[in-house]
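Here are my notes for your first reading of this structure, set out as numbered points. Please keep the sequence and the 3D view open while you go through them.

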There are 2 protein chains.
Amino acid sequence: MSVLVQKYGGTSVAGAERIKAVAARIAATRRTGRDVVVVVSAMGDTTDELIALAHSVTPDPDPRELDLLLSTGETVSATLLAMALRAQHCPAVSLNGVQAGIRTNNWFSRARITAIHPDRIWRELAEGRVVIVTGFQGVTDEADITTLGRGGSDTTAVALACALRAELCEIYTDVEGVYTADPRVVPQARCLPAIAYEEMLELASQGARVMHPRAVELAEVYNLPIRVRSSFTDAPGTLITRGDAVELRRRVQGIAHDTDVAKISLAGVPDRPGIAHAIFAPLAEAGINVDVIVQTASFEGVTDLSFTVARGDLAKAEALVQPVARQIQAREMASATDLAKVSIVGTGIQSTPGYAARMFGILAEAGINIEMITTSDIRITCVIARRDVERAVQALHAGFELDRE
Amino acid sequence: MSVLVQKYGGTSVAGAERIKAVAARIAATRRTGRDVVVVVSAMGDTTDELIALAHSVTPDPDPRELDLLLSTGETVSATLLAMALRAQHCPAVSLNGVQAGIRTNNWFSRARITAIHPDRIWRELAEGRVVIVTGFQGVTDEADITTLGRGGSDTTAVALACALRAELCEIYTDVEGVYTADPRVVPQARCLPAIAYEEMLELASQGARVMHPRAVELAEVYNLPIRVRSSFTDAPGTLITRGDAVELRRRVQGIAHDTDVAKISLAGVPDRPGIAHAIFAPLAEAGINVDVIVQTASFEGVTDLSFTVARGDLAKAEALVQPVARQIQAREMASATDLAKVSIVGTGIQSTPGYAARMFGILAEAGINIEMITTSDIRITCVIARRDVERAVQALHAGFELDRE
């Protein structure tokens, strides 16, 4: 029998009525004769509330303890969903990360799945039950509970779908699918019927919150089709696949934007080998993700270097870079947080001349200054002032005619 | 190094400030050089809130799912307490039921501890850490999470103390210790400096909420001293031990009362062998605890039979007894819920003439009618009208002069 994996996000299970509605949807799917494995996030804002609770006790909660604390959020929603399914006469059982066999390394708060031992899941499916698995969590070889970091439930769902050789992984959320831009910013934004893994990956990495990039990456490796859809409607949503024909399309698929951007700039950095390593190695060791890096051409042996990090990492990053800046005798160090990123994403756009120029032209016409630029194979990203970001997204969406099919 | 086990109840960890205060107390104990293992209940009313959450989804939650849900309550308090200890520079780690090696049978919602494998606890103690263990929960051989039933955290604490060969198990609660009667009913009630296991057992079984009878029973088997004390003060509390000298005291130690009493009466029951078994076997199978049983002398081959159960079990008990009553041709079946029990407890009172008569006399003088009477070696219990219970406790407390040392 073919296995279907469904993942329901926090808003889809935020409250008893929502849980019952989700249970009805799952029970209907089960009646079509497929084996169903469901991955759930914590209800609504539970994770944030648990983090706040930890901070009410200490400003700096121990990561191991925090992970064990946060793991309770998904256990609550998973057990409630299993109860709701049973109340609708659909046999169901909930399994936590340990019971579902989701093994991880011991990087607390950002653990990586190392293996999945789905013996118990297979056994429960063979008994005719829908299996509800807590997302976001796993267990180390030492029996410690870990969490996979924000968006980890998507990763749990995709990893389980791969391990169970599922036909499809459905990601249920509170929007209808993947849009050409954030519909809250661009009312004309369209829901895309299909998108390629790498396009989704770039959109997700550049601020589109609909799916976690790690999960997309994993799905691409195993060539697992994903359907992103709403748990509130019956709309078909967006299918994420390898999409071979997409390669030839050479058009902008979507606009992503992200306001979680902070910048550190070093002026007057001696331009010699090893400098970049000296600056970025401590950040990497501390697990701080550096996003955009821009270095100006060297002039008289010194250069200017800027890079961006998430705003939550800024204080930590500054503390790490400060001593290095002194050591390498940089002239000045500065930081800024009033920034945003806006990106255009589409397979082939980087290999096709004109897209970058068109993007810069649209922004210039809108009077928006570009602070930094970075590109990938299928993406062009500009760092701009945060106050300009909504106008930038709207201008780009119109300029690249994304409101048309 | 000697091990001390401390258990903190729900009111002791109800909120961040209380958790920090408890952490300070634990850290101070740790500094005296002892190994400390702490068992915690869920914060405040968490367990009741989780039960209400389950009932918002279904009127009849599956016991396995409910246990997994409820187990999150203790995980939250345990992790917060470990964080608070670390914030006070006291190394600490929290362990859930699985990690602490607390194995149980699969009687969900009322599981029994079958074994404790404290390897991880020993390892953490050897690393110099205070070990915080989630009370009330365990794990079956099939890796399912169970709960031990209400008051189960006391049982966890005592069982762990026995397994770790602890010198002492301290039960921290919101009262100063074991009182001669409920101080809310009898303002003159005294806190007892010491009490024997069996006296505590009778008091706990008969409604004194300070400690769970299962835990007292277990402590008695292993001869583990228990100290019941308040987490809000430094008062020494009450020491529960074998108390050999106590045996000779022959006095009433305390008054217990309980309003969670419902009665089922069968009138005109044929008095022949096997009748009692026919009535009580189905109740036992359903896990319903029958407390007081009274059967009148047989007259013309028929007898009247009454027994009490907890009020929450009444509907279920009636449904089970109804068909049996028909089958054995009992003349009538009736039930009542407006009852209460009041008990006097003390080693040797049953073997000493006069205590029962004095108890009945005190109640008669107060104009309180006795509906049923039951006795054990060290206890005499009367079932009375619920509206009389406070007056009965006060009259007995005064009558047996329990306000005097």
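1. In this predicted model, helix 10 (residues 355–365) of chain B lies across strand 16 and strand 18 of chain B, and the direction of helix 10 makes about 20 degrees with that of strand 18 of chain B.

2. Strand 16 and strand 18 belong to an open sheet of 6 strands in chain B, which has the order 14-15-13-16-18-17 and antiparallel pairing. Strand 14 (290–295) and strand 17 (372–376) of chain B stand at the edges of this sheet with a single partner strand each, so one side of each has no neighbour in the sheet. On average, and with direction ignored, neighbouring strands of the sheet are turned by 30 degrees against each other.

3. A second helix also packs on this sheet: helix 6 (residues 197–205) of chain B touches strand 13 (254–270), strand 16 (332–345), strand 17 and strand 18 (379–385) of chain B, and its direction makes about 145 degrees with that of strand 16 of chain B.

4. At one edge of the sheet you can follow the pairing residue by residue. Strand 14 of chain B pairs with strand 15 (residues 302–309) of chain B in the antiparallel sense over 4 bridges, and I293(B) has F307(B) in strand 15 of chain B as its bridge partner.

5. Chain A offers a case of parallel pairing, since strand 3 (residues 92–95) of chain A and strand 6 (residues 130–134) of chain A are joined in that sense over 4 bridges, with L95(A) standing opposite V133(A) in strand 6 of chain A. Is strand 3 of chain A covered on its two faces or left open? Both faces are covered, as A92(A) and S94(A) on one side and V93(A) and L95(A) on the other are all buried.

6. The largest nonpolar core has 244 residues, and of these L81(A), I132(A) and L81(B) touch the most other members. If residues up to four places away in sequence are not counted, L81(A) touches V13(A), I19(A), V22(A), A23(A), V38(A), V40(A), S94(A) and I132(A); S94(A) in this list is one of the buried residues of strand 3 of chain A.

7. A28(A), which lies in helix 1 of chain A, should be read with the burial cut-off in mind. A residue is exposed if 12 or fewer other C-beta atoms lie within 10 Å of its own, and A28(A) counts as exposed because it has 11 C-beta neighbours inside 10 Å. From A28(A) to V57(A) there are 29 residues in sequence and 44 Å in space, C-alpha to C-alpha.

8. For the contact between the chains, 28 residues come from chain A and 28 residues from chain B. On the side of chain A that touches chain B, helix 1 (16–31), helix 2 (46–57) and helix 3 (63–87) of chain A each supply at least two residues, and helix 3 of chain A gives the most, with 13 residues. Sorted by class, that side of chain A has 16 nonpolar, 8 polar and 4 charged residues.

9. Finally, consider chain A as a whole, with its 11 helices and 18 strands. A compact globule of 405 residues would have a radius of gyration near 22 Å, and the 23 Å of chain A agrees with this, while the C-alpha trace spans about 75 × 50 × 35 Å along its principal axes. Buried residues make up 51% of the 405 residues in chain A. Among the contacts in chain A with a separation of 6 or more, residues 24 or more positions apart account for 74%.

Technical notes. Residues numbered from 1 in each chain as written. Chains lettered and ligands numbered in written order. Predicted model: local features only at pLDDT ≥ 70, side-chain atom pairs only at ≥ 80, totals over all residues. Contact = placed C-beta atoms within 7 Å. Nonpolar A, V, L, I, M, F, W, Y, C, P; charged D, E, K, R; others polar. Rg over C-alpha atoms; globule rule 2.2 N^0.38 Å. Buried ≥ 20, exposed ≤ 12 C-beta atoms within 10 Å, placed from the backbone. Pairing = 2+ DSSP bridges. Axes fitted to C-alpha atoms, helices over the stretch in contact; angles between N-to-C directions. Core = buried A, V, L, I, M, F, W, Y, C linked by C-beta atoms within 7 Å.
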